[in-house]
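Trainee: I should be grateful for a close look at one part of this model, set in the context of the whole chain.

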Amino acid sequence: MSPEESAESRMARVHATHAAPLLRFLLSLTRNERHTAEDLVQETLVRAWQNLDSLPVEEENARRWLFTVARRIAIDAARMRQVRPPEVSLLEATDLATEDHTTSNALANHSVHEAFAALTDAHRTILAELYLIGASADEAAAKLGVPVGTVKSRAYYALRSLRSALGEAA
């Protein structure tokens, strides 16, 4: 970098000179996944900006430096994708959401309603307060006029009864 050239102007020159060749190189490494290649170009140029003093002044040496950094970033990104579960596109996710589960949902809903109806009034009231209305144990206790410990105890036994009834239905 010459003394009169600012860091911003040097990065603008580096970007103008090397961004397109880097993109072509990274497209080949990412099997033409354009958005991934563009992200990798951006990360490479960010690294160049962060290490501008290490970036060689000569264009050919700067290109080698950038391509080496880009290749390493691409390898790291590929390794990270192997560790993570596969990504699902939005179109695939909407296909999954439209599958017809109406019958199984209706049967499950019916089973829950029957199990809930089989509970005692006290247990139904506690579960309704805590889970349907969303009240805290303290709020439910104040509303029902019972101690907090009673609310917690009834909720425990109500859920246990509900679980038992649903287990028998399955």
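What pattern does the chain follow, read along the sequence? And within it, what is found in the loop between α1 and α2?

Mentor: The model is a predicted one. Read along the sequence, its chain follows the pattern α-α-α-α-α-α-α-α, that is, eight helices and zero strands. Of the 170 residues in the chain, 26% are buried. Where residues at least 6 apart in sequence are in contact, 54% of those contacts join residues at least 24 apart.

Let us turn to the loop you ask about. T30 is found between α1 and α2, and with a relative accessible area of 6% this residue is buried, because the limit for that class is under 20%. Leaving aside residues up to four places away in sequence, T30 touches T36, A37 and L40. R31 belongs to that loop, and so does N32. In contrast to the buried T30, R31 is exposed, at a relative accessible area of 76%, and N32 is exposed as well, at 62%. The backbone deserves attention here: R31 is not a glycine, yet has a positive phi of about 55°. N32, also a residue other than glycine, has a positive phi near 60°.

The loop leads us to the largest pocket. T36, one of the residues touched by T30, is also among the residues that lie nearest the centre of this pocket, together with E33, A77, A78 and R81. The lining comprises 19 residues in total, and the space within the largest pocket is about 580 Å³. Two elements, α2 (34–50) and α3 (59–83), give two or more residues each to that lining. The greatest contribution is that of α3, with eight residues. Sorted by class, the lining has eight charged, seven nonpolar and four polar residues.

Helix α3 also takes part in an aromatic pair. A search of the whole structure finds two such pairs. In one of them, the ring centres of F25 and F67 are 4.8 Å apart and the planes stand at 45°; this angle lies between the limits of 30 and 60 degrees, so the pair is tilted. F25 is in helix α1 (residues 7–29) and F67 in helix α3, so that the pair links distant parts of the chain, 42 residues apart. F25 itself counts as partly exposed, at 22% relative accessibility. In the other pair, the rings of Y156 and Y157 have centres 4.9 Å apart and planes at 80°; that angle is over 60 degrees, so the pair is edge-to-face. Y157 is partly exposed, with a relative accessible area of 39%.

Helix α7 (residues 137–144) offers a further view of burial. Its residues A137, A140 and A141 are buried. Seen down the axis of α7, the buried residues fall within an arc of 100°, so they line one face of the helix. The face turned away from this buried side carries the exposed residues D138, A142 and K143. Just after α7 comes G145, which takes a positive phi of about 70°.

To return to your loop: T30 is buried, whereas R31 is exposed and N32 is exposed. Both R31 and N32 have a positive phi.

Key:
Residues are numbered from 1 along each chain as its sequence is written. This is a predicted model: local features need pLDDT of at least 70, side-chain atom pairs count only at pLDDT 80 or more; totals for chains, interfaces and linings use all residues. Side-chain values use heavy atoms; hydrogens and water are left out. On a 1 Å grid over the protein atoms alone, a cavity is a set of points where a 1.4 Å probe fits but cannot get out, and a pocket is an open set with protein on both sides within 12 Å along at least five of seven lines; lining residues have an atom within 4 Å of a point. Grid points are joined across faces, edges and corners, and a volume is the space filled by probe spheres set on the points. Helices (H or I, at least four residues) and strands (E, at least two) are DSSP runs, numbered from the N terminus. Ala, Val, Leu, Ile, Met, Phe, Trp, Tyr, Cys and Pro count as nonpolar, Asp, Glu, Lys and Arg as charged, and the others, Gly among them, as polar. Rings of Phe, Tyr and Trp (its six-membered ring) pair if their centres lie within 6.5 Å; planes under 30 degrees apart count as stacked, over 60 as edge-to-face and the rest as tilted. Buried means under 20% relative accessible area, exposed over 50%, partly exposed in between (1.4 Å probe, protein chains only). The arc is that of the directions from the helix axis to the C-beta atoms. Contact means heavy atoms within 4.5 Å.
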